[in-house]
Amino acid sequence: RRGLVRRVSDKPPKWQYINIKQKDLSGGEARDPEYEAFSDAVYAAFDKVRRLHGSELSQCFEWREDMKLPTEVIVMLLNHMVEVKGRNFKIAEAEKVAVRMAEEDIRTVDAAEEFFTRDGQTYHAVRGILKKLGKRNLPSEDQIKMYLKWTKEWHFTPEAIEEAVKLTAKGDPSMGYLDGILKGMRRENGTDGELTRE
């Protein structure tokens with residue numbers, strides 16, 4: 001990105017490091033305009049909330065390069081993480097959300113707003129379940145994915161999930177135990193339509 005290596009041969013391929021001091025003296029600039037524009041946009045929108053370190057900013061830039069998420073969507077994602085996790089959230093957690101967004105082909109601000117509205121509702125639903133399970137931790141990305149599996153893939157209603165929470169009193173009151181209960185209910189009731197428990 002910074003133009004500090006150059007290819008000196010093809011067969012075999014060889015690369016040479018360029019001395020940054022020599023590059024400056026010769027009038028060359030070690031710059032990556034796309035990366036600089038991205039970092040400026042993130043700092044402008046996000047710096048008052050949290051200052052990202054170099055490696056964190058580079059990781060976010062990879063979401064743009066590898067996952068093709070637009071800069072404005074990434075800024076929205078970072079602000080969303082502050083809202084649900086607080087300013088000290090881990091970039092690794094944000095990356096899991098970025099992967100989900102890429103999988104759902106979230107490429108516009110409107111699509112991102114819809115995604116975060118849905119994600120926020122899911123987050124609060126999982127937080128409510130954790131409280132009923134006697135847990136005080138904030139929902140993890142894995143727990144959110146588990147809840148989405150229950151509602152989207154297994155077609156459980158939120159009410160049915162809350163009913164199933166009551167059954168965890170017989171064992172370990174955890175999301176994993178609840179997952180096992182719901183898996184058993186699904187096996188008993190079939191896989192189509194909204195599942196409820198009498």
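Student: Buried means under 20% relative accessible area, exposed means over 50%, and partly exposed is in between. Which of these is histidine 155?

Tutor: This is a predicted model, and every value is computed from it. Histidine 155 has 31% relative accessibility, so it counts as partly exposed. It sits in the loop between H7 and helix H8 (158-166).

Student: What is phi at histidine 155?

Tutor: Phi there is near 65 degrees, a positive value in a residue other than glycine. Most residues other than glycine have a negative phi.

Student: Aspartate 105 has a positive phi too, right? What is the value?

Tutor: Near 60 degrees. Aspartate 105 is in the loop between H5 and H6.

Student: Is aspartate 105 buried or exposed, and why?

Tutor: Aspartate 105 counts as exposed, because its relative accessibility is 51%.

Student: And aspartate 179, buried or exposed?

Tutor: Aspartate 179 counts as buried, because its relative accessibility is 11%. This residue lies in helix H9.

Student: What does aspartate 179 touch?

Tutor: If you leave out neighbours within four places in sequence, aspartate 179 is in contact with Met146, Lys149, Trp150 and Trp154.

Student: Back up a bit. What is the overall secondary structure of the chain?

Tutor: The chain has nine helices and two strands. Along the sequence the order is β-β-α-α-α-α-α-α-α-α-α, with both strands ahead of the helices.

Student: How many residues are there, and what share is buried?

Tutor: There are 198 residues in the chain, and 37% of them count as buried. The accessible surface is about 12,200 Å², and carbon and sulfur atoms account for 48% of that.

Student: What about contacts between residues far apart in sequence?

Tutor: Take the contacts between residues at least 6 apart in sequence. Of these, 55% join residues at least 24 apart.

Student: Where is proline 12?

Tutor: Proline 12 is in the loop between strand E1 (5-9) and strand E2 (14-17). A cis peptide bond joins it to lysine 11, with omega at about -10 degrees. Most peptide bonds are trans.

Student: New topic. How many residues are in the largest nonpolar core?

Tutor: It has 28 residues, and those with the most contacts inside it are Trp63, Leu78 and Met101. Helix H2 (33-46), helix H3 (54-66), H4, H5 and H6 each supply at least two of the core's residues.

Student: Which helix gives the most to this core?

Tutor: H4 does, with seven residues.

Student: What is methionine 101 in contact with?

Tutor: Leaving aside neighbours within four places in sequence, methionine 101 is in contact with Leu69, Val73, Leu77, Ile106, Ala112, Phe115 and Phe116. Apart from the largest core lies another core, of 21 residues, including Ile129, Phe156, Ala160 and Leu182.

Student: Let's stay with H4. What about threonine 71?

Tutor: Threonine 71 is in helix H4, which covers residues 71-85. Its relative accessible area is 17%, so it is buried. Not counting residues up to four places away in sequence, threonine 71 touches Phe38, Ala41 and Arg64.

Student: And threonine 168, where is that?

Tutor: Threonine 168 is in the loop between H8 and helix H9 (175-189). Threonine 168 is buried too, because its relative accessible area is 3%.

Student: What are the contacts of threonine 168?

Tutor: Setting aside neighbours within four places in sequence, they are Leu133, Pro173, Tyr177, Leu178 and Ile181. Threonine 168 and isoleucine 181 are 13 residues apart in sequence, and their C-alpha atoms are 7.9 Å apart.

Student: Last topic, cavities. How many of 30 Å³ or more are there?

Tutor: There is one. The volume of the largest cavity is about 80 Å³.

Student: Which residues line the largest cavity?

Tutor: The lining is His80, Met81, Val84, Lys85, Glu93, Val97, Asp119, Tyr123, Glu141 and Ile144. H4, helix H5 (91-103), helix H6 (109-132) and helix H7 (141-153) are the elements that each give two or more residues to it.

Student: Which element gives the most to that lining?

Tutor: H4, with four residues.

Student: How do the lining residues divide into nonpolar, polar and charged?

Tutor: Five are nonpolar, one is polar and four are charged.

Key. Residues are numbered from 1 along each chain as its sequence is written. This is a predicted model: local features need pLDDT of at least 70, side-chain atom pairs count only at pLDDT 80 or more; totals for chains, interfaces and linings use all residues. Side-chain values use heavy atoms; hydrogens and water are left out. Buried means under 20% relative accessible area, exposed over 50%, partly exposed in between (1.4 Å probe, protein chains only). Contact means heavy atoms within 4.5 Å. On a 1 Å grid over the protein atoms alone, a cavity is a set of points where a 1.4 Å probe fits but cannot get out, and a pocket is an open set with protein on both sides within 12 Å along at least five of seven lines; lining residues have an atom within 4 Å of a point. Grid points are joined across faces, edges and corners, and a volume is the space filled by probe spheres set on the points. Ala, Val, Leu, Ile, Met, Phe, Trp, Tyr, Cys and Pro count as nonpolar, Asp, Glu, Lys and Arg as charged, and the others, Gly among them, as polar. Accessible areas come from the Shrake-Rupley method with a 1.4 Å probe; for residues, only the protein chains shown count as cover. A nonpolar core is a set of buried Ala, Val, Leu, Ile, Met, Phe, Trp, Tyr and Cys residues joined through side-chain atoms within 4.5 Å.
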